[in-house]
Amino acid sequence: MKKEIKTLIITALLYFAPFPAYAFPIAAPGTEGSRIFGIGAGVPVTITYLGSSAAHSIDLYLMSPSTGALLIFSNDSASVGDTKNIGEVHSGSELWFRVHVNDTGYDFFNGSREHNADGEFHARVQRNWLPNTALASFEAIYDPSGNSSVFDDLSFSVSNVNVIPIPEPETYAMFLAGLGLLGWRLRNARSPL
């Protein structure tokens, strides 16, 4: 009798226990749209493959005006921990990544949502995930509604970079509205004499 109760309790615990959904890290929510920049100073930038949950074939590219698209990893052939040293990236130079979904032909980019065909964010970039290392996670599903954006299709880290969050147009609109209201208030203020 005790053995059956023990088995029942263990089964219940295993059934209801919260297990992590992913075996690899995913950048934190709220880091969508962040941009990645080199820091220079003779420090090489290293990109490390951390994993993918995508059922489709994805290639990660580093886009460059001088060299075009440099293939970094493919989730079909890369192993967790594979690294690619891309050398020094000059201070202020942006690292622009693209994922190409081989099954659908879609391309998705980090940074602003305007770069993507569906007008949605497709990358999160978490600053200082590890010391001097950013964590980038991509979502590789075309979805104008944004409902499928869990950013678990490809994750990698980038060392020796600076990550800058990019404000959305709504942020600028609020800033300008606040400045306008402040200007109106100052203009209409009466100075006491």
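This briefing describes the fold, one sheet, selected residues and the nonpolar core of a single protein chain. The structure is a predicted model, and its protein chain contains two helices and eleven strands. Along the sequence these elements follow the pattern α-β-β-β-β-β-β-β-β-β-β-β-α.

**Overall composition**

- Of the 193 residues in the protein chain, 37% are buried, while the accessible surface of the chain amounts to about 11,600 Å², with carbon and sulfur atoms accounting for 61% of that area.
- Among the contacts in the protein chain with a separation of 6 or more, 69% are made by residues that stand 24 or more positions apart.

**The five-stranded sheet**

- Five strands form an open sheet in the order β5-β2-β10-β9-β8, and their pairing is antiparallel.
- The edges of this sheet are formed by β5 (83–88) and β8 (123–130), each of which pairs on one side only.
- Neighbouring strands of the sheet are turned against each other by 25 degrees on average, with direction ignored.
- Strand β2 (residues 44–51) runs antiparallel to β5 and is joined to it by five bridges; within this part of the sheet, Thr48 stands opposite Thr83 in β5.
- At the other edge, β8 and strand β9 (residues 133–138) are likewise antiparallel and joined by five bridges, and Arg124 has Ser137 of β9 as its bridge partner.
- The hairpin of β8 and β9 has two residues between its strands, and in it Asn132 adopts a positive phi near 60 degrees.

**Gln126 in strand β8**

- Gln126 is located in strand β8, and a polar atom of the Gln126 side chain lies 2.8 Å from the backbone nitrogen of Ala28.
- When residues up to four places away in sequence are not counted, Gln126 touches Ile26, Ala27, Ala28 and Thr31, as well as Thr133, Ala134 and Leu135.
- Gln126 and Ile164 are 38 residues apart along the chain, and their C-alpha atoms are separated by 9.6 Å.

**Ser57 in the loop between β2 and β3**

- Ser57 sits in the loop between β2 and β3 (58–64), and it counts as buried because its relative accessibility is 12%, under the 20% limit used for that class.
- The Ser57 side chain makes polar contacts with two other side chains, that of Asp76 at 2.6 Å and that of Asn102 at 2.8 Å.
- Apart from neighbours within four places in sequence, the residues in contact with Ser57 are Asn75, Asp76, His100, Val101, Asn102 and Asp103.

**The largest nonpolar core**

- The largest nonpolar core comprises 28 residues, and those with the most contacts inside it are Leu60, Leu95, Phe97, Phe138, Leu154, Phe156 and Val158.
- At least two residues of this core come from each of the strands β2, β3, β4 (68–74), β6 (94–101), β8, β9, β10 (154–159) and β11 (161–164), and β6 gives the most, with four residues.
- Val158, one of the core residues with the most contacts inside it, is in contact with Val45, Thr46, Ile47, Leu95, Phe97, Asn132, Thr133 and Ala134 once neighbours within four places in sequence are left aside.

Technical notes:
Residues are numbered from 1 along each chain as its sequence is written. This is a predicted model: local features need pLDDT of at least 70, side-chain atom pairs count only at pLDDT 80 or more; totals for chains, interfaces and linings use all residues. Side-chain values use heavy atoms; hydrogens and water are left out. Buried means under 20% relative accessible area, exposed over 50%, partly exposed in between (1.4 Å probe, protein chains only). Contact means heavy atoms within 4.5 Å. Accessible areas come from the Shrake-Rupley method with a 1.4 Å probe; for residues, only the protein chains shown count as cover. Two strands pair if DSSP finds at least two bridges between them. Axes are lines fitted to C-alpha atoms, for helices over the stretch in contact, and angles run from 0 to 180 degrees between N-to-C directions. A polar contact is a pair of N or O atoms within 3.5 Å; within protein, one must be able to donate a hydrogen and the other to accept it, and residues adjacent in sequence count only if both atoms are side-chain atoms. A nonpolar core is a set of buried Ala, Val, Leu, Ile, Met, Phe, Trp, Tyr and Cys residues joined through side-chain atoms within 4.5 Å.
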